[in-house]
Amino acid sequence: MLSQYLDWYNMVEEVLKSNVVNAKEYRDVKRVVVVGMGGSGIVGDFLSVIAQNYSTIPLLTFKDFYVSKSFVDNNTFVLSISYSGNTLETVAATLQLLKRGIPVGVVASGGELVDIARRFSLPHIVVRSGLAPRSAMPLMLVASIKLLSSCGIEVVPQDTLKSSITILRNTDHAKKIGDELADFLENSKIPLIVATSRYSSLAIRFKNELNENAKMPVKIEIIPELFHNDIVGWERFHADDKAIVIDSDVEYEKMLLNFYADYLKDIGFTIYYLQLSGNIIERLLFGSLVAGIASVRIAEKLGFDPLQTRSIVKYKEFLKKYREDILKNILG
């Protein structure tokens, strides 16, 4: 699986050359909503923070079998993302939105979502298949940005995107940090990941990678919100565990991170500072690459198969059994 992460740069170069089927311009779009789960849903989280930095159009993420009516209106464009194309939550939400007449675009490698896109002549990109959904993240991210751009919705300037993805060529540096993190976290019970709100999506990505690849439970805390609740929860504990502090590119955020890191050291945590550089896209991409490498390395050390996710398979079997009941309840 490690080879999939190390191939990220080639993946995004490939998708930049791909075509958007049924591309059309949508005028008067004032909001974008992304629906998706897991390794596809995190793409929406990344798109949201990227849009906050480069676009005037707000971009929100909704992760469920439906999308609340308060999230969408006639000026909303919805992007449905599912690597497999068969994620029931995303399929159900997409069908519900189409029933309500909301414009939808699709990013998938195949499956039911692509069939829906073809049936309703929706804008869509079909990406490379055969990957683990989580290791296809940058492929889905760049495909999503390209699809939105083809529909007249600019999330980030294309030249900024193209220059930013070159960070993924730094695989030797990413492997070095990933190996350090794997050694650091190998014996952790429940590692803590700390980030500022601007990098909360990267903290979530780290957690998800450690969950799925390394079979490791993880706790996340976000600055500054944690100072109003979570920090008090440690007052009667002495923690003997590890924490990753994700660096920020904003000076006052660095001060807050350092304050909390010192607090964690005082109650027994050992700290790893994850230093990142570049713009927010470069930081999200490189940080995700490091997380992928580290989580696979931990799995190897502990004798787990990073590709095997037995609990998710069990959940999907449950959904398959009750699929029609769920769709009937969602669609009426």
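Which residues form a nonpolar patch on the surface? The answer is Y315, F318 and Y322, which together offer about 290 Å² of accessible area. For such patches, residues need over 30% relative accessible area and no salt bridge; like charges are joined within 9 Å, and nonpolar side chains (Val, Leu, Ile, Met, Phe, Trp, Tyr) within 5 Å. The areas come from the Shrake-Rupley method with a 1.4 Å probe, and for residues only the protein chains shown count as cover.

Before going on, a word on the model: it is predicted, so local features need pLDDT of at least 70 and side-chain atom pairs count only at pLDDT 80 or more, while totals for chains, interfaces and linings use all residues. Residues are numbered from 1 along each chain as its sequence is written, and side-chain values use heavy atoms, with hydrogens and water left out.

**Helix α13 and the pockets**

F318, one of the patch residues, sits in helix α13, which covers residues 310–321. Helices (H or I, at least four residues) and strands (E, at least two) are DSSP runs, numbered from the N terminus. F318 counts as partly exposed because its relative accessibility is 45%; buried means under 20% relative accessible area, exposed over 50%, and partly exposed in between (1.4 Å probe, protein chains only).

Helix α13 also turns up in the pockets. The largest pocket has a volume of about 840 Å³. Thirty residues line the largest pocket, and M37, T87, E89, I312 and K316 are the closest to its centre. Two or more lining residues come from each of α3 (38–54), β3 (76–82), α4 (88–99), α9 (200–214) and α13. Of these, α13 gives the most, with six residues. By class, the lining has eleven nonpolar, ten polar and nine charged residues. Here Ala, Val, Leu, Ile, Met, Phe, Trp, Tyr, Cys and Pro count as nonpolar, Asp, Glu, Lys and Arg as charged, and the others, Gly among them, as polar.

The second largest pocket has a volume of about 250 Å³. Its lining is made of N211, E212, K215, F304, D305, Q308, T309, R310, S311 and I312. Helices α9 and α13 are the elements that give two or more residues to this lining, and α13 has the largest share, with three residues. The classes here are two nonpolar, four polar and four charged.

How are these spaces found? Rolling a probe the size of a water molecule over the atoms shows where empty space is left. On a 1 Å grid over the protein atoms alone, a cavity is a set of points where a 1.4 Å probe fits but cannot get out, and a pocket is an open set with protein on both sides within 12 Å along at least five of seven lines; lining residues have an atom within 4 Å of a point. Grid points are joined across faces, edges and corners, and a volume is the space filled by probe spheres set on the points.

**The cavity**

The structure holds one cavity of 30 Å³ or more. The largest cavity contains about 30 Å³ of space and is lined by V32, A51, S55, I57, P58, L59, I153, E154 and V155. That lining divides into seven nonpolar residues, one polar and one charged.

**Salt bridges across the chain**

There are 18 salt bridges in the structure, each a side-chain nitrogen of Lys or Arg within 4 Å of a carboxyl oxygen of Asp or Glu. Three of them are listed here.

| Pair | Closest N to O distance |
|---|---|
| D7 and R128 | 3.3 Å |
| E112 and R323 | 2.9 Å |
| K301 and E186 | 3.8 Å |

D7 and R128 meet in a salt bridge. This pair joins distant parts of the chain, 121 residues apart: D7 lies in the loop between α1 (2–6) and α2 (8–16), and R128 in the loop between β5 (124–126) and α6 (137–150). D7 and R128 also belong to a network of salt bridges with E14. R128 is partly exposed because its relative accessible area is 27%.

E112 forms a salt bridge with R323. Here 211 residues separate E112 in helix α5 (residues 111–119) from R323 in helix α14 (residues 323–331). With a relative accessible area of 24%, R323 is partly exposed.
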